[in-house]
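Colleague: Before I rely on any of the words used for this model, I would like to hear what stands behind each of them. Could you show it to me and then take my questions in turn?

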Amino acid sequence: MTTTTENNAFKSQEYFINMGPQHPATHGVLRLLLTIDGEIIKNIDPDLGYIHRSIEKMCERDSYQQIVHLTDRMDYLSAHINNEAVCLAVENALGLEVPERVKVIRTIIAELTRLASHQLWWGVMGMDVGALTTYFYGFRDREMINDIFEETCGARLTMNYNIPGGLMFDLHPNFVQRVKDFIAHFKTKLPEYDTLLTGNVIFQKRTQGVGILTKEDAISFGTTGPVARASGFSCDVRKHHPYSAYDRVQFNEALFTVGDTFTRYQVRIQEMWESMAIIEQLIDNIPDGEFKTPTNAVIKLPKGEFYQRVETARGELGVFIVSDGKKNPYRLKFRSPGFSNLSALKKMAVGSKLGDLVAIMATLDIVVPDIDR
Amino acid sequence: MSYFSDIYNGVKTLLTGMSVTGKYFINARKEIITQEFPNNRATLKMFDRFRGEVVMPHDENNEHRCTGCQKCELACPNGSIEIIWDRVIDEETGKKIKAIDKHIYHLSMCTMCGLCIEACPTDAIKWSQNFSNSSYDRTQLTKVLNKPGSKIAPGVKDKE
Amino acid sequence: MNISLSITKNIHDWLFEVMSAPFATVVENVLIAVAFLAFFALAGLLLVWMERRIAAFFQLRLGPNRVGPMGLFQTIADALKLVSKELTGPDKADKFLYNLAPYFVIVASLMALSVLPFSQEFHAFDINIGVFFLIAVSSIGVIGILLGGWSSNNKYSLIGAMRSGLQTISYELSVGLSILTIVVLAGSLQISEIIAAQQAGGWFIIQGHIPAMIAFMIFMIAGTAETNRAPFDLIEAESELGAGFHTEYSGMKFAYFFLAEFINMFIIAAIGVILFFGGWLSPFGITESIPLLGIFWFMLKVLGLIFLMMWFRWTFPRLRVDQLLTLEWKYLLPINLFNIVLMAVIVWLGLTINF
């Protein structure tokens, strides 16, 4: 890229920069090869595989109970929902009916996980556009959820609370009260998120009209979750293919049409309200009963192919199990939401500025271990 | 005209944002959420179910409840548990039974999934709430859970 | 009780008594330089501590609290660590410019520091073009940033440096014009006379009422941009560029950049205080008889403005580079030009508020 003639000296040149694998805005070890003209992005080439741990291959080695704890390590911010996906797949394959109590508890904890994930995302979103203080406010509220998880499940992030057939142990006696306290607390704090960041003129200017993804593109790239719903693609698995206790709760699917960075932000804020509404409907009437259906110590799935999808905080997670009748799967494939959402990044960000790319990446809510597995 | 209303709205939203942080600044002493960790180590209490590390409780006679059935070893996804066992003659019945020599636990490989404790039929192992497990020497992370000279508590039997 | 007057004057007289005139001048200048260097280091470290502590309170944290009372010595410990660190740099850097850049930044802020009046007569360098000198000198710093970013042989640094160049060129205008608004009111460029005018007729923010307030707001916005602090910290935008122009600097060279940023903030706040809040004057002249207390009032007001800038930093998101320019050229500059005319009309018609 050297200039040889005098005329070239004033021509604009494109150049490469490496964004990542160690870069603050890529949230992990994602590497983006950017072609840049001044500040304007001409091309994006994501380079994956820096945190590939071959979880799918490890699943082929493990028994069905053991697979569950590996899914914690994929999308660690929706650990419980990942666990639930595998457990539901195994239960459906076995034709196992889990108690009502289990379904409700799973739903409540899944929604708490979604809230925690979105709170962290909100903090990081603010940080990526330069408002560092949001990070701590988001973490303050997330801490309460983590405490709830720690008291009931024994761990804060990688909980492994689900087992095929139910839950590992029953709810902690304090659980209901703590969740109610949290909801009461967060209902006063969520409007504060809006006044601090959503309404801010700088933030709105930074995000509105940036990184637009049309509905057609959203569908053709296979995006799901908040990214697709911001573009007007109704794809909430909880609504369209209800699992666990989602068929008995009333909630609205957060759906917008513009598809820019700001609407992706709004979808997640609205999802936090909806999650709180779901928890409020369920928390007072958790049915009594067993917390698990006993299974054999060695679970053997019948021969065949089984698919289960759930809605994680990032979108649709699919678990595809091919069983040959043994105690471990013949093949297990995860359809992870982050991977498909990342594929739309080029469409969204080409032509915008370097600062926009960071904001767009933040609204994709990328968790790199989920993309690489 | 929208030029001036833009300025007005812009300044207004900026000031509301500043009022939020300003409120926290004034109440900073009350609302602090961080902990001064190494100083409060003595008073820090973990929740009962917190998964710190796997331990094997012993009673006052230095007796544990592990029969050496190896169900935990099988349940562990990562090979964190190794049981070295032997057959000894039971004093009551005179039959040969399994008894553990060493219950080895590799903390460095453990992912705290809890499957071993779920699998244990005799409740011989349980979680401790010990949260600071880091060490300068990785050999310290390989632990023998049964104490030297311990033996199985009387009456604890494998379910056949 | 003119302690401040007598201290400087006594030293001056004593020096000229014991030595020949040229030698005494040299010694006197060296003494002043040492005093300013010491102030530079101490104020820089104190401001870093203040920033961290205030940021912590905004963010529901405690901030540095282990080294010394309330963590006061934390920044000194950090500085000692930076001094003892190895100076590493990229292999293919332009070595000469790479090493030169930090000095540009630090010399520029030191020079600007020299014309600040801390109290009556407690003023190292009171030239008749004081304000003009401040504007001129404070824009030298950007050369250091440009050199540092360019010579580091790092694309992120280069982007940061280029952003800094366009940012400083743009916002220099607004700083200059808003200062000019006040100069219209004061009728002088000399700092001591500007303050004298405020002593006679009240602080300029009151004396010049509406245009002075507009000028103050523009000055604070442009001044924040001038010091490259959030929400205008595009040149180091850590979520975009890592650390921007000083990515490749380590040890003391990095510390120079870091300290200079805080001293620049001090300078901008000090200019604001001199022009709008009466410099070392006490409110309503309550301690006018004790000039030494002028230092206290001056520092108090400066710290107040610095706190305002920190408040900005820990609340607002960062602007994008094109929005940065839109803000300057479409909003601040036209308003500023209009404001100068308004101020001129007000001064012409004698509509100022005088006590």
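Modeller: Let me begin with burial in chain C, where buried residues make up 47% of the 355 residues. Please keep in mind throughout that this is a predicted model.

Colleague: What makes a residue of chain C count among the buried residues?

Modeller: The test is a count of neighbours, since a residue is called buried if 20 or more other C-beta atoms lie within 10 Å of its own. By that test the buried share is 47% in chain C, 53% of the 373 residues in chain A, and 21% of the 160 residues in chain B.

Colleague: Why does the radius of gyration of chain C agree with that of a compact globule?

Modeller: A compact globule of 355 residues would have a radius of gyration near 20 Å, and chain C has 21 Å, so the value agrees with the rule. The C-alpha atoms of chain C fill a box of roughly 60 × 60 × 45 Å along the principal axes, and its secondary structure consists of 14 helices and 2 strands.

Colleague: How do you know what to expect for chain A, with its 373 residues?

Modeller: The rule gives a radius near 21 Å for a compact globule with that number of residues, and because chain A has 22 Å, the two agree. The C-alpha trace of chain A spans about 80 × 50 × 35 Å along its principal axes, and the chain holds 15 helices and 8 strands.

Colleague: What radius of gyration does chain B have, set against a compact globule of 160 residues?

Modeller: Here the value departs from the rule, for a compact globule of 160 residues would have a radius near 15 Å, but chain B has 27 Å. Its C-alpha atoms fill a box of roughly 100 × 35 × 30 Å. Chain B is divided into domain 1 (2–33) and domain 2 (53–152), and the C-alpha centres of these two domains of chain B lie 57 Å apart. Along the sequence, chain B follows the pattern α-α-β-β-α-β-β-α-β-β-β, which comes to 4 helices and 7 strands.

Colleague: Which strands of chain A make up the open sheet, and in what order?

Modeller: The open sheet has 3 strands in the order 6-7-8 of chain A, with antiparallel pairing. Strand 6 (304–311) and strand 8 (331–335) of chain A are called edge strands because each pairs on one side only. The twist averages 10° from one strand to the next.

Colleague: How do you know that strand 6 and strand 7 of chain A are paired?

Modeller: Pairing requires at least two bridges, and 8 bridges join strand 6 of chain A to strand 7 (residues 316–323) of chain A, so the criterion is met. One of the bridge partnerships is that of A:R309 with A:G318 in strand 7 of chain A. Helix 3 (residues 79–94) of chain A lies across both strands, running at about 145° to strand 6 of chain A.

Colleague: What is in contact between chain A and chain C?

Modeller: Two residues are in contact if their C-beta atoms lie within 7 Å, and on this criterion 26 residues of chain A are in contact with 23 residues of chain C. Among the elements that give two or more residues to the chain A side are strand 1 (14–19), helix 4 (100–128) and helix 5 (133–153) of chain A. The residues on that side of chain A divide into 13 nonpolar, 6 polar and 7 charged.

Key
Residues numbered from 1 in each chain as written. Chains lettered and ligands numbered in written order. Predicted model: local features only at pLDDT ≥ 70, side-chain atom pairs only at ≥ 80, totals over all residues. Rg over C-alpha atoms; globule rule 2.2 N^0.38 Å. Buried ≥ 20, exposed ≤ 12 C-beta atoms within 10 Å, placed from the backbone. Nonpolar A, V, L, I, M, F, W, Y, C, P; charged D, E, K, R; others polar. Axes fitted to C-alpha atoms, helices over the stretch in contact; angles between N-to-C directions. Domains from an automatic or database assignment.
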